[in-house]
Amino acid sequence: MGARAADWENPSVIGINKRAAHAPLRSFTSPSQAAEHFRLRSGASTSPRLLSLNGDAWRFQLFDRPYAVPPGFSEADFDASAWPQVVVPTNWECQGFGQPQYTNFVYPFPVNPPFVPEDNPTGCYQLTFDAPAAAGDRRAFLVFEGVDSAFYCWLNGQFVGYSQDSRLPAEFDVTALLQPGQQNVLAVQVMKWSDGSYLEDQDMWWLSGIHRDVYLLLKPREHIRDFCVRTPLAFDSQGGLAAARLEVEVHVEGSSSTALEGLAVQASMYRCNEAGEVDPADMAASLVAQLAAELHPVWTAADTSGRASAADSSAGARALLSLDMLGLPGGAEALRLWSAEQPHLYLLLLELKQGGQAGEVLETEACQVGFRHAKIKGHQLLHNGQPIMLKGVNRHEHDQRRGKTVSLESMVQDICLMKRLNFNAVRCSHYPNHPLWYELCNKLGLYVIDEANVETHGFDPALVNNHLNPACSQLWLNAIVDRGMRMFERDKNHPSILLWSLGNESGYGPAHLAMAGYLRARDSSRPIHYEGGGSRTPATDVICPMYARVHQTLALGSLPGETRPVILCEYCHSMGNSTGNIHKYWEAFEAHPHLQGGYIWDWVDQALLKKEQLPDGREIEYWAYGGDYGDQPNDAQFVCNGLVWPDRTPHPAAYEVKHLQAPLAVSLEQPAQQQAQQQQQQQHLQAEQEARIWLLDKQHFSSSADLELSWRLLADGQSLPGAGSKHGWQALALRQPLEPQQGAAVGLGSTWAELAQQAQGAAEVMLEVRARLAHDLPWAPAGHEVQTVQLELAGRLPASQRQQGAAHAAPSAQEQQQEEQQGGLQGIAVGRAGDSLRVECLQAGGASCSLTFDASTGGLSSWVVAAGAADPGKELLAAPLAPCFYRAPTDNDKGGSGGTSYAARWKAAGLDRLAAVPGSVTLTAPEMQQGAAAGGSVEVHCSFLLRPEEGQEEQDSGAVEEGVGVGEVGGAHWLSENQPTVVDVTAAQDGAGPDGSEGSIQCEVTYTVHADGSLRMRWQVDAQDALPARLTPGLDKSLPRVGICFGVPSNLQQVDWYGRGPHECYADRKSGAPLRCHSADAVEQLHVPYVYPSESGGRTDVRWLALSERSGSGRGLLAAAVGAGSTMQMNVSPYSVRSFERAKHDHELQPSGFTWVHLDHQHMGVGGDDSWSPTVHKEYLVPPAQYDFSLLLKPLPAATSGQSGSSTVEAATAAWRALL
């Protein structure tokens, strides 16, 4: 015979001496210990029989391969005292051993299953610990909750066992090896790579070692080995609860069948309070029911794993307990069902007793119980008889310092933040999570998809060679199915688990059908989820595609003959500045009864904190991604797709998601049908009607009783004072709370005419409705803002009031002239200054300003403002005003291959290096020959042609790295659009335009300088020839932006604006950004520190922007959109577009020393359907076309500059109204 295969290269060896999976066991010695544990206040055990081996006493050394481990390492007397100490649990790469490596789906070693590289980093751990003397009377079980990827262990020099599957417990019986009352030596050898690694190709860091808890569990010789809790429910045709039972199956193991005689199991069930807890000091007050059952011998209850012979094995017995919950006092009314909205829990205690009901309690096991049942019926997923909408997110376990090791505190933080962002569901992507995660989800309320630790994406990246997946090989059948079986047996009792998942991106084969068969046979209360193989295979009970477009999702929901609901397992790829278009998905979800939501990809940016010394000697700590550790291959920043940063600060996109997932729908009530009357009579009747809105409770199990509702009016972005409220909020009183899925019209207590009177003079009036928590909940305090909805009142206010307001808002030309004369304006002087044209505005009091237009560029190059005759003046511009048509590409902009990405096309067109063509600039002023004009204004006309500047391509541009983390084939999911693979990016050189002008933009601008120093600009842009490539059908041309940019001095730090905010927002991601007057007292506050820098920090639908000094020294600048309905996209940043484009990390951004201001007439959306193809929806593109827009720039007077309060806002609002 040949040499025996190594265990870590043999898929038939998935464990040696490893015990069967079971529900979490803790062997409490009193009921109060169990009650205290399930309060979930600490990760520390409350059971004295659970001895934690976590800590920093472990000795560790890393070797380059298994065979390099010292020969005597496993011996009890091996001296590891010179080895460094490490913390367990924590991945060893996060403690300075080896290097982290990130790949999306590419295996970091040659694909040659089941073999792995000989150079296989191997970590050796040694721990010396004291075992209590009482352990001599106990069965001792050594438990490793998670080790990556395969390991051996020895206790006191004796072999214990071997295990694979890095995300489920490995438990070994060490009763015969433990030395009670003495020191014990535990040795663990962990291989970084194993054949199991082929099944763990998830999109995450490759990190190794012991990453979850290690402990010793000491149980009585006769003990509870496992238990299963079921809560079958039945509902009548009206949705009422018709039947409910509690069924418990308990498996008991003992040293012999004789030892099991006379034992019984007593079950006690306690009702938890609203916090999901039972008071350990007063448990009797919460007792609901008790029942008991005798044991009956059954061989399947015993675990014979690792037993050498029958004489050495244990005996097994089973107890069955059943309780009709509707037979208890109160019946159906008293029974509280579990849902994510109302996570009502009971605490179940199982006591193993000797000698009957009054006998000695040997031990107590416990779990949370939630009465719930899920099934597919009528093309819908029903939870407790009701169709539900899944507001979900995919979550990897990730800690920025400890890698895959997550604490209870961080898990609580994640769940509370998810709930505050209106999520109700989470997918454990793509492996079973820490056991405490499920207990917290039970308590705080999240629907969970529990997913088997199986992903083999790297075998078939393009999803075209399914037969290559291990799921199609008989050699891997047991290894794959075992992972699903063990997941179920560990997690079967958690009420939060809604769906079982067979894994992720592993193709489709017999292994999936086998796993699904096991799960269906063991659990009829939870459907199966699996996307692989096309998301519609017989293995899955729900249609669960990833990254289906909106129209494809709708089509799936209407497939003839299909009976399964559609739930997107992944959608809205939130990589960097992304998550655009998501409102389109929610419109579809809420419009189609067979679409029941989805799971955003994903929760957290998986960046790791890395320390680095800069050239100047400073040490910094920054978020690192693939490649930052010298890891090859890597997929760079594709590991950063989260809605929150690694420290759990929400991205701006998180607020968009929160808004769309909010529990209430709010709209203006449609007026009652009236008989045909004259229009004026109709308006009069409506004016006298009470203003009413329509509210709909979109929740499935909760009324609106937990919500405190209020409303207020906004006039031009500012709140109007309300009854006793500084910010205008007034209570919105409901006669009674809205029931789930029910709506009602609610009056505001004022007529439309009264509202119009309050908002008199405003150009824009909004009604805001706010919902806050009325009282504390476990995941948020009272007052937490659940949602705010804005309703435009245009067309609702009586016409007479609107006209009166409009008249007030827009001064006439005569009034403006009178104001200029009263202000002491003296005149305007126009003249030449070298190659430039200068316009000087003079005021009677000595104040003045001087504007210089550059004849070589056509732009405004200088704007000096002086407060008086003795003032030498201060420059308002730190960089010239110029048109701008380029942005630093986002990750989504780079999505594509072969030149198909937006960014590649922009680069090919030279949009990043446009400059005025020499000789094309014309600059004229009609009144230039007259010297000075009294009052009034002067127009400066300019025309120029922009083309890519020669010689700058190599220096500044560089090639676009398309499809980061995906490459040519990744992301080709079966429902993705068939995008062209090649674009003719050389077409620009062919001069295909009628005059050879492709790659050029013609600009015409009229600068109107008023005597008060304000500058009004009308831009006429012809960008029809801006993009050179002839596109293959299926792609659309789009410019990144059409607008202007300039620089202002860095001491203009106060930023006020009327537009959407306060957080970053773009045209296709703005629903959750209220339209108000916002402010920031530092420009840096507008910066969005994405892990990988790109276009960011924009605010959309901006009416006006004011920049000023906080010191009140009298300097500032106002920018405003001109014309009714005109808005702009603004960006105010200390960093230039070029700096964003060059930097690879946020700390590498180089400030310019002044503030860049971008004012865009049009700005392309950010997209987000995926990040590997051009996905911005057509209505959010900026076609290369002709554009005509006007903007106003105006120095702020000293009286208002430097004040972020009412005076700056009032001055800016008045100036903007005058432009309407």
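**Reading a predicted chain of 1220 residues**

Reader: What would the radius of gyration of a compact globule with 1220 residues be, and what does the protein chain have?

Author: For 1220 residues a compact globule would come near 33 Å, and the protein chain has 34 Å, which agrees. The radius is taken over C-alpha atoms, and the globule rule is 2.2 Å times the number of residues to the power 0.38. Along the principal axes, the C-alpha atoms of the protein chain fill a box of roughly 115 × 70 × 60 Å. The model is a predicted one, in which local features need pLDDT of at least 70 and side-chain atom pairs count only at pLDDT 80 or more, while totals for chains, interfaces and linings use all residues. Residues are numbered from 1 along each chain as its sequence is written, and side-chain values use heavy atoms, with hydrogens and water left out.

Reader: How many helices and strands are there in the protein chain, and what percentage of its residues count as buried?

Author: The protein chain holds 18 helices and 65 strands, which are DSSP runs numbered from the N terminus, with H or I and at least four residues for a helix, and E and at least two for a strand. Of its 1220 residues, 61% count as buried, where buried means under 20% relative accessible area, exposed over 50%, and partly exposed in between, using a 1.4 Å probe and protein chains only.

Reader: Where does P31 lie, and is P31 buried, exposed or partly exposed?

Author: P31 is in helix 1, which covers residues 31-37, and because its relative accessibility is 28%, P31 counts as partly exposed. P31 and E1141 are separated by 1110 residues in sequence and, C-alpha to C-alpha, by 60 Å in space.

Reader: Why can helix 15 be described as largely enclosed by the rest of the structure?

Author: A general point comes first: an α-helix has 3.6 residues a turn, so residues three or four places apart point the same way. In helix 15 (residues 902-909), 7 of the 8 residues are buried, so this helix is largely enclosed by the rest of the structure. The buried ones are Y902, A903, A904, R905, W906, K907 and A909. After helix 15 comes G910, which has a positive phi, near 75°.

Reader: How should I read the pairing of strands, and in what order do the 7 strands of the open sheet stand?

Author: Strands of a sheet pair through backbone hydrogen bonds, either parallel or antiparallel. Here two strands count as paired if DSSP finds at least two bridges between them. The open sheet of 7 strands has parallel pairing and the order 32-31-30-29-28-34-33. Its edge strands, each pairing on one side only, are strand 32 (528-529) and strand 33 (566-573). Within this sheet, strand 30 (residues 447-451) and strand 31 (residues 497-501) run parallel and are joined by 4 bridges, and D450 stands opposite W500 in strand 31.

Reader: Which 4 strands form an open sheet with antiparallel pairing?

Author: That open sheet has the order 2-15-7-11. Strand 2 (50-52) and strand 11 (170-173) are the edge strands, each pairing on one side only. Strand 7 (residues 138-144) pairs with strand 11 in the antiparallel sense over 4 bridges, and A170 in strand 11 is the bridge partner of F144.

Reader: What joins strand 46 to strand 47, and which strands pair with strand 58?

Author: Strand 46 (residues 836-843) and strand 47 (residues 848-854) run antiparallel and are joined by 7 bridges, with D854 in strand 47 as the bridge partner of S836. The two form a hairpin with 4 residues between them, and G846 in the turn has a positive phi of about 100°. Strand 58 (residues 1054-1060) is mostly covered, with 7 of its 7 residues buried. Strand 58 runs antiparallel to strand 61 (residues 1104-1108), to which 5 bridges join it, and V1055 stands opposite L1107. Strand 58 also pairs in the antiparallel sense with strand 59 (residues 1075-1080) over 6 bridges, where R1060 stands opposite L1075.

Reader: How many cavities of 30 Å³ or more does a search of the whole structure find, and what lines the second largest?

Author: The search finds 10 cavities of 30 Å³ or more; a cavity is a set of points on a 1 Å grid over the protein atoms alone where a 1.4 Å probe fits but cannot get out, and lining residues have an atom within 4 Å of a point. The second largest has a volume of about 110 Å³, a volume being the space filled by probe spheres set on the points, which are joined across faces, edges and corners. Its lining has 14 residues, of which D148, E200, W205, W206 and L207 lie nearest the centre. Strand 13 (residues 204-206) gives the largest share of that lining, 3 residues. The lining divides into 5 nonpolar, 5 polar and 4 charged residues, where Ala, Val, Leu, Ile, Met, Phe, Trp, Tyr, Cys and Pro count as nonpolar, Asp, Glu, Lys and Arg as charged, and the others, Gly among them, as polar.

Definitions and conventions: 1 Å grid on protein atoms, 1.4 Å probe; cavity = no way out; pocket = protein on both sides within 12 Å on 5 of 7 lines; lining within 4 Å.
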